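Open your viewer, switch on side chains as sticks, and keep a selection box handy. We will take the charged residues stop by stop.

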Amino acid sequence: MAHRYLLFQRDDCHLCDLALEVLAEARAPEFGSVFIDDDPALEERYGVRVPVFRDEAGNKELDWPFTADQVRAFL
């Protein structure tokens with residue numbers, strides 16, 4: 001099943017762990033995780049920006065740092 005929302009992240013990423021906590025606090029709907037490690041195209045697009053929360057349907061992205069209120073407004 002394809003997810004409407006995706007979180008682009010890295011393995012062993014402290015900021016990504018914080019983003020997961022904020023998304024939980026915001027009660028974000030179910031989302032997929034995309035790890036950019038070892039994917040040159042994703043590394044080029046998201047390398048210094050991760051974590052990034054993306055709305056596939058709305059074609060919009062929320063770059064870190066974000067708060068629970070910002071996530072709720074984004075949704």
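Start by selecting helix H3, residues 68-74, where you will find both Arg72 and Asp69, 3 residues apart, or about one turn of the helix. Bear in mind as you look around that this is a predicted model. Show the two side chains: Arg72 and Asp69 meet in a salt bridge, at 2.5 Å from N to O. Now add a surface. Asp69 counts as exposed, because its relative accessibility is 53% and the cut-off for exposed is over 50%. Its partner Arg72 has 41% and counts as partly exposed.

**Next stop: strand S4**

Select Asp63, which lies in strand S4 (residues 60-63). Which side chain does Asp63 meet in a salt bridge? Look for Arg49: the N to O distance in this salt bridge is 2.9 Å. Arg49 sits in the loop between helix H2 (40-46) and strand S3 (52-55), so the pair ties together parts that are 14 residues apart in sequence. On the surface view, Asp63 is partly exposed at 32% relative accessibility, and Arg49 is partly exposed too, with a relative accessible area of 25%.

**Then: Arg54 and Glu61**

Now pick Arg54 and Glu61, which form a salt bridge with their closest N and O atoms 3.1 Å apart. Is Arg54 buried or exposed? With a relative accessibility of 9%, Arg54 counts as buried, because the cut-off for buried is under 20%. Glu61, at 25%, counts as partly exposed.

**Widen the selection**

Keep Arg49, Arg54, Glu61 and Asp63 on screen and add Arg45 and Glu56: these residues are linked in a network of salt bridges. The pairs you have just visited, Asp63 with Arg49 and Arg54 with Glu61, can be picked out among them. If you would like to find the others yourself, the count for the model comes to 9 salt bridges.

**Last stop: a patch of negative charge**

Clear the selection and choose Asp11, Asp12, Asp17, Glu21 and Asp38. What do these residues form on the surface? They gather in a patch of negative charge. Colour the surface by charge to see the patch, then centre on one of its members, Asp17. Asp17 is placed in helix H1, residues 14-25. Its relative accessible area is 43%, so Asp17 is partly exposed.

Definitions and conventions:
Residues numbered from 1 in each chain as written. Predicted model: local features only at pLDDT ≥ 70, side-chain atom pairs only at ≥ 80, totals over all residues. Heavy atoms only, no water. Patch = residues over 30% accessible without salt bridge, like charges linked within 9 Å, V, L, I, M, F, W, Y side chains within 5 Å. Areas by Shrake-Rupley, 256 points an atom, 1.4 Å probe, with all protein chains shown as cover. Salt bridge = Lys/Arg side-chain N within 4 Å of Asp/Glu carboxyl O. Lys, Arg positive; Asp, Glu negative; His and termini not counted. Charge placed at Lys NZ, Arg CZ, Asp CG, Glu CD. Helix = DSSP H or I, 4+ residues; strand = E, 2+ residues; numbered from the N terminus. Buried < 20%, exposed > 50% of the residue type's maximum accessible area, 1.4 Å probe, protein only.
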